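This report is meant for a reader meeting the structure for the first time. Please look over the sequence and the model before reading on.

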Amino acid sequence: MAESELVFAPLGGVGEIGMNLSIYGVGGGRQRKWLIVDCGVSFAAEEHLPGIDLILPDIRYLIQERRNVVGLVLTHGHEDHMGALIDLWPRLNVPLYATPFTAALFEARRLSEPGAPKIPINVVPLGSRLRLDPFTVDFISVAHSIPESNALAIRTPLGTVVHTGDWRIDPTPLVGSRTDQAKLSALGAEGVLALIGDSTNAIRDGRSPSEADIAKTLAELVRTAPARVAVTTFASHVDRIRAVADAARAAGREVVVVGRAMERVVQVARETGYLDGVQDFRSMEAYGYLPPEKVVALCTGSQGEARAALARIAENEHPEVALGSGDRVIFSSRTIPGNEKDVDRVINGLVARGVEVITDRSHLVHASGHPRRAELLDMIAWVRPKILIPAHGEALHLAEHAALARSAGVAEVLVCRNGDLVRLAPGPAAVVDEVPAGRVYKDGRILVAADARTVASRRRLGFAGIISVAMAVSEQGALVADPEVELIGIPEFDGAGEPMGEIALAAVEEAFAALPRPRRRDPDAVVEAVRGAVRSAIAERWNKKPICHVHVLVV
Ligand SMILES: [Zn+2]
Ligand SMILES: [Zn+2]
């Protein structure tokens, strides 16, 4: 039997922000048992991946190892940690574990997706212990930008790993947990082999401001608003929802919830007790008859999402909610890299309507849910790991986190990549193997491999269009009728005003005529000659080569 080892492999989320999925293995060779932590998505940028909604981790390795998987544990309810479950869990069918809010939010998300399969979740109380032999998993509450974020202490016969998940330190959150320093320090005293940690803000010095400070600013901005106020934030940020509710109540305003994702979270937060004591919110229909100084609209769309509430309000296309001159919109959020253009479009739309827009550039209206450098050092001091592996970050964040850990005296610091199999014990930490890893695209309702040609061809189509040619050729090798030429996504005229359709048609006829008669009876030869000629003729005028499809019918 192979020697027993403790191994770690990220299948997503290392070298990128998003799509978190990590696996831990105990045992040797084929006897190895696996624990999966998180199963998240990334969001695709439209200009790079036209028509793709989501990016999911490639889990073919886990499908193959399915029988050895003892369970899948969710650290928290953000999409980059659980968003791939609806699509991927049916292929794994392994036991699933989450704390109450995460489980309820997942169920609400699942029900909102037509045709989503039933996915049973085992609900784990906060701070509890889960035995998934040979692993024992302790849930440790940590502060983050959603209720119930958990670090996991994963105990194994070869040592204990602390997997931080997404966390920060906030001594004064509104409804979320505080980071359980006592439990983390106790683990450190017991001995921790490895710390796998959030690197998102490893390039930022100091500490993040507290949610309590953000709430103060929001209260002031709502109190001083001359007319209507709308606040947008991440839909799952219950601390922020509570801060807006408190600000509204203090100013004698009603809260109107605008956007389905926000409604869903509000409902789940009420069910799980995270909005206890908070006044009832009004439905969207109430917005129209409330006086401007009596309303706060809590909106989805802080990332400029085209279909979300705020983008529609900015275009004056929302059925219930309108904003105009003298009204105030607060972005209680940060623009996620890649969304800048979309957010700017919404802000410009609002400003053009005379709306005052307030963002975190000028006011303390947002704090990140991830640890800055002083907080990372606290975690290292509490846990005192022998090994540190930076996770949840792009290459720069990982490198900065690694350098910080070295400077703090961590004995072994290892930077790895998605698909690396890292041995944590026995012996020094090292990348010892690779496991299949990669990306899968969600294209409409279908999952396609990232290296499939679909998206690449779609990009080419978007860049240079397509020409379709249909020709009927007799057995004797003569054209039976005029060829049909159709251009899609190609300029109608060239620079000299000549129709591109006629240029293409002339190229078809010339290419055909130039073929020796016996070759004209060979459809493959005709297709090849015509395609080449059409693409060259168009490229000569346009300096772009479109895709060209030629259909030859022999009659
Ligand atoms: Zn995350
Ligand atoms: Zn998160």
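Donors are N, O and S atoms within 2.8 Å of the metal, and because water is not among the atoms, sites may look incomplete. The structure described here is a predicted model.

## The zinc ion (ligand 2)

Along the chain, the donors of the zinc ion (ligand 2) follow the spacing H-x1-H-x65-H-x21-D. These protein donors are His 76 through NE2, His 78 through ND1, His 144 through NE2 and Asp 166 through OD, and they lie 2.1 to 2.3 Å from the ion. The arrangement is irregular because the four donor atoms around the zinc ion (ligand 2) subtend angles of 91 to 163°.

Two of these histidines can be described by their accessibility. His 76 counts as buried because its relative accessibility is 0%, and His 78, with a relative accessible area of 14%, is buried as well.

## The zinc ion (ligand 1)

The zinc ion (ligand 1) is coordinated at 2.0 to 2.2 Å by Asp 80 (OD), His 81 (NE2), Asp 166 (OD) and His 392 (NE2). In sequence, the donors of this ion follow the spacing D-H-x84-D-x225-H. Here the four donor atoms subtend angles of 87 to 159°, which makes the arrangement around the zinc ion (ligand 1) irregular.

## The bridge between the ions

Which residue coordinates both the zinc ion (ligand 2) and the zinc ion (ligand 1)? Asp 166 bridges the two ions, which lie 3.5 Å apart. Asp 80 and Asp 166 link distant parts of the chain, since Asp 80 belongs to helix 2 (residues 79-82), while Asp 166 sits in the loop between strand 13 (159-163) and helix 5 (181-190), 86 residues apart. Both Asp 80 and Asp 166 are buried.

## The nonpolar cores

Turning from the metal sites to the nonpolar side chains, the largest nonpolar core has 73 residues, and those with the most contacts inside it are Ile 23, Leu 62, Leu 72 and Leu 85. Helix 7 (residues 238-250) gives the most to this core, contributing seven residues. A second, separate core has 32 residues, among them Leu 6, Leu 152, Val 422 and Ala 425.

Leu 62 offers a closer view of such contacts: when residues up to four places away in sequence are not counted, Leu 62 touches Leu 11, Leu 21, Ile 23, Ile 36, Val 69 and Leu 92.

Technical notes
Residues numbered from 1 in each chain as written. Chains lettered and ligands numbered in written order. Predicted model: local features only at pLDDT ≥ 70, side-chain atom pairs only at ≥ 80, totals over all residues. Heavy atoms only, no water. Donors = N, O, S within 2.8 Å, 3.2 Å for Na, K, Ca; no water. Tetrahedral: all angles 85-135°; square planar, octahedral: opposite > 155°, others 65-115°. Helix = DSSP H or I, 4+ residues; strand = E, 2+ residues; numbered from the N terminus. Buried < 20%, exposed > 50% of the residue type's maximum accessible area, 1.4 Å probe, protein only. Core = buried A, V, L, I, M, F, W, Y, C linked by side-chain atoms within 4.5 Å. Contact = heavy atoms within 4.5 Å.
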